[in-house]
Amino acid sequence: MDMTKADIGVLMGGWGEPSFRVNQVYQWLMRGVPPKEMHNIPKALRERLDVYPFGGAETLQKHPSRIDGTVKYLFQLGDGELVEGVLMRYQHGNTLCVSTQVGCRMGCAFCASTLGGLVRNLAPGEILGQVLAVERDEGGRGGQRAVTNIVLMGSGEPLDNYKNVLAFLWRVMDKEGVHVSPRNISLSTCGVVPNIYKLIDEALHITLCISLHAVDNALRSRLMPLNKTYPVEDVLKAGADYAIATGRRVIFEYALIRGVNDAREDAHTLAIRLKHMLCHVNVIPLNHVERHTPAGVTLTGVSRSWAAKFVAWLQEEHISATLRRRLGADIEGACGQLRRRVLSEQSGGG
Ligand code: SAH
């Protein structure tokens with residue numbers, strides 16, 4: 001699953017296979033089908049291909065929400081590691097949220113994904129495998145794709161696994177493969193500034209989301225340790241440069257934490273910092289995660305009505321902002337929580 005069509009062409013060409021076979025194999029792979037099940041391929045070739053580790057992702061558990069059409073997935077990778085994904089249904093299509101790392105080393109104070117640190121990076125085929133597993137699961141309705149939009153917002157920091165994430169993006173956009181338009185792809189980062197610039201150089205034109213959550217350096221550093229390396233001014237500048245280079249507005253994510261970043265004054269400071277930038281603010285009340293900050297303080301979210309007020313304050317200052325819809329509230333939609341529960345059950349933690 002990590003191989004491009006060209007890679008497969010070189011491999012199979014070396015075996016003297018004709019190019020139509022390469023096409024067939026690639027078509028199967030782009031449906032997430034392992035060699036054993038490639039029915040129109042001769043047995044000898046299937047066996048030859050099957051020697052290689054497959055490298056995709058398999059659906060281990062599926063939790064459909066009873067409230068809305070959201071489905072939470074737990075995927076298993078070749079070495080048994082687990083990652084999460086979420087399929088969200090909107091009027092304009094279905095958005096799949098995929099993971100880019102097992103765990104995360106960014107250490108954000110409010111995030112469940114980072115609690116056990118980074119286990120490992122996902123390979124390109126393992127990120128793609130999540131998309132294909134969901135496609136298979138949704139049953140490829142009359143040749144139509146089930147996944148129309150992709151967000152790299154599951155566990156992990158995509159820009160901390162830059163090379164593999166880029167390889168995934170090129171693969172998923174491939175016309176002969178899944179063929180998702182870059183306009184329908186969003187990548188979320190906690191602010192790995194040098195790699196935002198690398199992304200600008202790639203000229204991919206995907207939507208960039210930046211997890212901001214605070215514009216004061218002391219506060220942001222407490223919430224998001226990476227801010228000590230790349231302070232908020234640099235993050236905002238990189239966001240603005242991305243918007244200028246791509247002509248696409250940058251989305252800033254802002255999770256409201258009660259008594260921490262939720263006051264009218266915070267909205268005002270945020271508005272000042274974002275003025276004149278081609279951007280949009282996605283406001284979300286912090287999801288509760290069982291954990292304590294190093295200072296021993298539990299972080300809690302605000303009510304939706306408070307969050308709506310915060311959005312209105314931003315709008316009053318002419319900042320484009322919306323309150324993010326709450327989907328899958330009953331299925332641990334927030335990243336990292338399902339995996340943690342399953343791991344703790346496996347280890348007898350309950
Ligand atoms: N590492 C990337 C992408 C993964 S997280 C990033 O930081 O952007 C996806 C989003 O969920 C980020 O905006 C993150 O800050 C946010 N998030 C993490 N834990 C959360 C929580 N408990 N409540 C609300 N949002 C949370």
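I will start at the ligand: one of its nitrogen atoms is 3.0 Å from a polar backbone atom of Phe110. Keep in mind that this is a predicted model.

Two other residues approach oxygen atoms of the ligand. Ser211 does this with its side chain, where a polar atom lies 2.6 Å from a ligand oxygen. Thr189 uses its backbone, with an N or O atom 3.4 Å from an oxygen of the ligand.

Which residues come nearest to the ligand? Gly156, Ser188, Ser211, His213 and Asn287 do, out of the 16 residues around the ligand. Ser211 is therefore a name to remember, since a polar contact is a pair of N or O atoms within 3.5 Å, and the Ser211 side chain has such an atom 2.6 Å from a ligand oxygen.

Now the domains. The domain assignment gives domain 1 as 5-50 and domain 2 as 58-346. Their centres, taken over C-alpha atoms, are 35 Å apart.

How many residues are in contact across the two domains? Nine from domain 1 touch seven from domain 2. Together the domains bury about 640 Å² between them, and carbon and sulfur atoms give 45% of that area.

The interface has one salt bridge by the rule. Glu176 and Lys5 form a salt bridge through their side chains, at 2.5 Å from N to O. The rule also finds four residue pairs in polar contact across the interface, both residues at pLDDT 80 or more.

On the domain 1 side, helix H2, residues 19-29, supplies the largest share, four residues. By class, that side has four nonpolar, three polar and two charged residues.

Key
Residues numbered from 1 in each chain as written. Predicted model: local features only at pLDDT ≥ 70, side-chain atom pairs only at ≥ 80, totals over all residues. Heavy atoms only, no water. Domains from an automatic or database assignment. Contact = heavy atoms within 4.5 Å. Buried area = accessible area lost by both parts, 1.4 Å probe. Salt bridge = Lys/Arg side-chain N within 4 Å of Asp/Glu carboxyl O. Polar contact = N/O pair within 3.5 Å; in protein donor to acceptor, adjacent residues only side chain to side chain. Helix = DSSP H or I, 4+ residues; strand = E, 2+ residues; numbered from the N terminus. Nonpolar A, V, L, I, M, F, W, Y, C, P; charged D, E, K, R; others polar. Near = heavy atom within 4 Å.
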